[in-house]
Amino acid sequence: MARVVVGKVSEIPPGERKIVVPFRGKAGIGVFNVDGTFYAVRNICPHKRGPLCTGN
């Protein structure tokens, strides 16, 4: 699994997210802190092609 630095741990408190654009294309990635564990997902809905990580 690849590791990419997108910022400091303190920049994304538990329950929050940071969207990193651009990252490998126009969509970017969303980095989520879930109780101290970080997850990253591509910021594009595979069905509607809209932003996924903003909750819209």
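Cys45 has a relative accessibility of 16%, so Cys45 counts as buried. The model in which this value was computed is a predicted one. Cys53 is another buried residue, and its relative accessible area is 5%. Both cysteines are placed in this class because buried means under 20% relative accessible area. A search for disulfides through the whole structure returns zero. Such a bond would need a pair of cysteine sulfur atoms within 2.5 Å.

From these two residues the view can widen to the protein as a whole. The protein has 56 residues, and 23% of them are buried. Its secondary structure consists of three strands and zero helices. Read from the N terminus, the order of elements is β-β-β. The surface that the protein exposes comes to about 4600 Å², with 57% of it supplied by carbon and sulfur atoms. Contacts can also be sorted by how far apart the partners lie in sequence. Of the contacts between residues at least 6 apart in sequence, 12% join residues that are at least 24 apart.

One of the strands, S2, covers residues 29-34, and Asn33 has its place there. Is Asn33 buried or exposed? With a relative accessibility of 4%, Asn33 falls under the 20% limit and therefore counts as buried. What does the side chain of Asn33 reach at 2.8 Å? The partner is the backbone oxygen of Ile12. Ile12 also appears among the residues in contact with Asn33 once neighbours within four places in sequence are left aside. The others in that list are Pro13, Pro14, Gly15, Glu16 and Phe38. Asn33 is thus a strand residue that is buried and has a side chain reaching a backbone atom of Ile12.

The last stop is a pair of charged side chains. How many salt bridges does the structure have? The count is one. It joins the side chains of Glu11 and Lys18, with a distance of 3.1 Å from N to O. This pair qualifies because a salt bridge requires a side-chain nitrogen of Lys or Arg within 4 Å of a carboxyl oxygen of Asp or Glu. Neither partner is in the buried class: Glu11 is partly exposed at 45% relative accessibility, and Lys18 is partly exposed with a relative accessible area of 24%. Both values lie between the two limits, since buried means under 20% and exposed means over 50%.

Note on methods
Residues are numbered from 1 along each chain as its sequence is written. This is a predicted model: local features need pLDDT of at least 70, side-chain atom pairs count only at pLDDT 80 or more; totals for chains, interfaces and linings use all residues. Side-chain values use heavy atoms; hydrogens and water are left out. Buried means under 20% relative accessible area, exposed over 50%, partly exposed in between (1.4 Å probe, protein chains only). Helices (H or I, at least four residues) and strands (E, at least two) are DSSP runs, numbered from the N terminus. A polar contact is a pair of N or O atoms within 3.5 Å; within protein, one must be able to donate a hydrogen and the other to accept it, and residues adjacent in sequence count only if both atoms are side-chain atoms. Contact means heavy atoms within 4.5 Å. Accessible areas come from the Shrake-Rupley method with a 1.4 Å probe; for residues, only the protein chains shown count as cover.
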